[in-house]
Amino acid sequence: MEVETTKPCFKSKDLSEVNPMGKKRQWKSLKQILAHEKTLPWKESDITYSSVNAPPSLKPAKKYSDISGLIAPYTDPHSKLRYHNVEEYQTIRTFPMDLTAGYLALRGATSIV
């Protein structure tokens, strides 16, 4: 009994990295594309890589714990530090005021303590 080996139908010769001339395809980085784009004559109304602006995100920014760096769903109302779980909350409650102010300064938050 012979087993016939066939190529998967989703593989296409057109998608290979070797073009019909036999040369290997050279990939360009975004920096190279932008540099080449600047040398070409463009109108003001043409859309280019450097002229495309993305709209602001509608998702809220993620907040991370000041202690562990994990996603922080909670904020201590007294010190305004963010925390991930009960153990971090208990640790935060034992911090002196200067250490709490240091964590807030690292995050860039104004200290209201």
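Start by selecting Asp-76: in this predicted model, its relative accessibility is 1%, so Asp-76 counts as buried, the cut-off being under 20%. Now add Arg-93 to the selection. The side chains of Arg-93 and Asp-76 meet in a salt bridge, at 3.2 Å from N to O. This pair links distant parts of the chain: Arg-93 belongs to helix H2, while Asp-76 sits in the loop between E1 and strand E2 (82-83), 17 residues apart. Is Arg-93 buried or partly exposed? With 44% relative accessibility, Arg-93 counts as partly exposed.

Next stop, the other end of the charge story. The structure holds 2 salt bridges, and one of them joins the side chains of Asp-66 and Arg-107, 3.3 Å from N to O. Colour by secondary structure here. Asp-66 is in the loop between helix H1 (30-39) and strand E1 (74-75), and Arg-107 is in helix H3 (residues 97-107), so this salt bridge ties together parts that are 41 residues apart in sequence. Switch on the surface if you like: Asp-66 counts as buried, at 15% relative accessibility, whereas Arg-107 is partly exposed, its relative accessible area being 28%.

Now go to helix H2 (residues 86-93) and pick Glu-88. Which side chain of opposite charge is nearest to Glu-88? That is Arg-82, 11 Å away. Glu-88 is buried yet has no salt bridge; a salt bridge would need a side-chain nitrogen of Lys or Arg within 4 Å of a carboxyl oxygen. To see what does surround Glu-88, show Ser-65, Ile-67, Ser-68 and Tyr-83, which are in contact with Glu-88 once its neighbours within four places in sequence are left aside.

Keep Tyr-83 on screen, as it leads to the next selection. Together with Leu-81, Ile-92, Phe-95 and Leu-104, Tyr-83 makes up the largest nonpolar core, which has 5 residues. In soluble globular proteins, nonpolar side chains tend to be buried together. Centre on Phe-95 and display its contacts: leaving aside neighbours within four places in sequence, these are Ile-67, Leu-81, Thr-100 and Tyr-103. Ile-67 should look familiar, being in contact with Glu-88 as well.

For the last view, select residues 63-92, where UniProt places the feature "domain: Vps72/YL1 C-terminal", from an unreviewed entry. Draw a distance between the end C-alpha atoms of this span, and you should read 17 Å. How much of the span is helix and how much is strand? The span is 23% helix and 13% strand.

Technical notes:
Residues numbered from 1 in each chain as written. Predicted model: local features only at pLDDT ≥ 70, side-chain atom pairs only at ≥ 80, totals over all residues. Heavy atoms only, no water. Helix = DSSP H or I, 4+ residues; strand = E, 2+ residues; numbered from the N terminus. Buried < 20%, exposed > 50% of the residue type's maximum accessible area, 1.4 Å probe, protein only. Lys, Arg positive; Asp, Glu negative; His and termini not counted. Contact = heavy atoms within 4.5 Å. UniProt positions renumbered as here; feature names shortened; annotations may be inferred. Core = buried A, V, L, I, M, F, W, Y, C linked by side-chain atoms within 4.5 Å.
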